[in-house]
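Dear colleague,

I am passing on the structure below, together with some notes on what was found in it. Please read them with the model open beside you.

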Amino acid sequence: MTTVDDRPAAPAGTPRRPNPVLALLRNSWRQLTSMRTALVLLFLLAVAAIPGSVLPQRGVNPEKVDEYFREHPELAPQLDRIGAFEVFASVWFSAIYLLLFTSLVGCILPRMRDHLRALRSRPPAAPKRLERLPQHTVLEAPAAADPEAIAAVLRRRRWRVVVRGNEVSAEKGYLKETGNLLFHTSLVAVLLGVALGSWFGWHGNRLLVAGEENAFCNTRQQYSEASLGPRVDSTDLPRFCLTLDDFDARFLPSGQPEFYRASVSVDELDGTPREAAFSVNSPLRLGDANVYLLGHGYAPILKYTDRYGRSQTSAVPFLTTGDANLTSEGVAAFPDANVDPKTGKRDPAQQIAFEGLYLPTAPETAPFVSSQFPTEQNPAVVLVAYRGNLGLDAGIPGSVYQLDQRQVANGKLTQIGDKKLGVGEKWTLDDGSTLEFLGTKPYITLSVRYAPGQTLMLVACVVLLAGLMGSLFARRRRVWFRVLPADPASGSPTSGSSLVEAGGLPRTEHPGFADEFTQLVAAVRDDGRADGRTREGVE
């Protein structure tokens with residue numbers, strides 16, 4: 001069965017109705033690639049980065065995230081549901097980032113095409129009525145006024161010039177649009193550099209105590225804090241080991257730091273070990289990785305002898321409290337102390353720990369709460385002893401630099417005394433066990449980083465600033481000169497002279513254009529007079 005379409009045919013020449021889907025896509029693309037949208041997305045990106053700066057991030061400090069969950073048990077799960085603890089890897093942050101990248105690229109490419117076309121094109125012809133331009137004047141010139149001579153004057157002043165018969169067209173100031181495009185292209189390069197660093201970069205932090213027994217090898221397990229990009233695997237880390245041999249720190253009499261220098265032994269596992277040194281502003285470069293010196297401190301060496309006569313010695317790093325004189329706090333735990341030699345069993349209730357302060361230069365009299373100078377002139381430790389269950393077997397994550405105060409609060413840890421010890425001094429506890437302060441070892445805190453987009457970002461930032469200067473200080477403007485024979489009815493006092501009509505038009509706001517136009521006209525007039533005098537002398 002055949003169906004006949006009774007609808008009237010569209011008359012010839014009737015325009016086709018646009019596809020609504022294509023029209024929607026075209027309008028959406030135009031909105032996305034507009035400069036206004038790019039600025040809005042840039043603002044949104046800055047706002048979206050705020051939670052990543054305020055809240056702890058799992059990729060940087062997972063311990064702080066766990067602590068936030070314990071302190072805010074109701075709010076933390078809600079924030080975690082929207083990715084607030086992994087902001088820079090979240091879907092919404094990536095969406096803003098990609099939209100901004102696309103918007104900038106879509107905005108730059110058409111403008112770059114138009115700019116290149118404008119650079120290749122010739123300056124436009126002079127308007128018919130130059131007197132309507134913002135700047136206009138008429139001057140007398142010798143009868144043989146030559147447009148080529150006027151063009152030569154303009155070229156010496158770096159104008160783009162074209163001569164059309166008796167007219168000279170010139171324009172200047174393309175550096176403004178060039179700088180504008182360089183600025184936005186560099187911004188795209190910065191975003192690309194950030195993306196490269198995020199995807200293929202990695203970093204880790206480590207505290208390194210002096211001594212061969214404390215050697216550090218570049219594996220993820222040996223970092224206290226580590227973050228690898230999504231495209232980086234643990235096996236991609238460069239292979240090397242570091243041993244801190246010595247650390248030299250010098251201070252001014254006021255206590256201000258003057259000089260830091262770490263001496264290390266480097267074993268890159270593919271050759272013989274070598275010695276190297278680096279400081280705060282001069283990182284150690286090992287292949288693709290850079291080792292930065294972040295800080296330093298002291299690790300008191302404490303020897304504990306339990307009531308059964310067995311001794312344990314450890315160099316425990318004490319972390320600085322922010323005091324300029326390197327007052328430090330920490331904890332020395334001995335969970336394997338007081339093991340019964342007959343049964344070989346460890347009684348958790350007999351574990352021992354010492355918490356307190358280390359003072360590089362302790363005061364002579366109490367209170368012993370802060371150091372008087374950053375170097376070790378009168379080193380001492382002020383410790384509080386605790387006995388009981390340290391809570392290390394509970395499986396609850398905690399810090400090795402702080403005592404678990406929950407064990408103290410619930411009575412599982414009991415304070416048994418406090419003491420100030422100088423180097424070589426010994427403290428005898430109530431059960432006959434002793435603690436001796438043997439001295440200190442220096443330690444440093446390191447940051448090992450690989451940022452593949454760093455060079456790209458540096459070059460892009462330099463070009464960005466240069467482009468910004470060009471876009472701010474350059475001005476687009478055009479001038480025209482037209483050589484006309486003198487009008488006998490004008491009553492010109494100089495017989496045989498020609499008239500040169502000049503006009504100028506600033507393409508952008510340019511307060512100094514009137515002065516520039518006046519100087520340009522004066523240069524053309526003076527050059528014509530000099531040329532006329534030269535011809536008279538030749539004749």
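Around the second largest pocket there are 48 lining residues, and those nearest its centre are F88, V194, G197, S198 and W199. Please bear in mind throughout that this is a predicted model. Several elements give two or more residues to that lining, among them α2 (35–48), α6 (91–120), α8 (175–200), β19 (434–450) and α10 (454–473), and it is α8 that gives the most, with nine residues. The volume of this second largest pocket comes to about 1,400 Å³, and its lining divides by class into 28 nonpolar, 14 polar and six charged residues.

One of the elements in that lining, α10, can be looked at in its own right. With 20 residues at 1.5 Å a residue, α10 should span 28 Å, which agrees with the 29 Å that separates its end C-alpha atoms. A460, L464, G467, G470 and S471 are buried in α10, and because these buried residues fall within an arc of 130° when seen down the axis of α10, they line one face of the helix. On the other side of α10, the exposed residues are T455, L458, V462, L465 and F473.

Turning to the strands, there is an open sheet of four, in the order β5-β7-β8-β9, with antiparallel pairing. Its edges are β5 (216–217) and β9 (274–278), and each has a single partner strand, so one side of each is left without a neighbour in the sheet. The partner of β5 is β7 (residues 241–251), with which β5 pairs in the antiparallel sense over two bridges, and here C217 stands opposite C241 in β7.

With best wishes

Methods. Residues numbered from 1 in each chain as written. Predicted model: local features only at pLDDT ≥ 70, side-chain atom pairs only at ≥ 80, totals over all residues. Heavy atoms only, no water. 1 Å grid on protein atoms, 1.4 Å probe; cavity = no way out; pocket = protein on both sides within 12 Å on 5 of 7 lines; lining within 4 Å. Points joined across faces, edges and corners; volume = space filled by probe spheres on them. Nonpolar A, V, L, I, M, F, W, Y, C, P; charged D, E, K, R; others polar. Pairing = 2+ DSSP bridges. Expected span 1.5 Å × (residues − 1). Buried < 20%, exposed > 50% of the residue type's maximum accessible area, 1.4 Å probe, protein only. Arc of directions from axis to C-beta.
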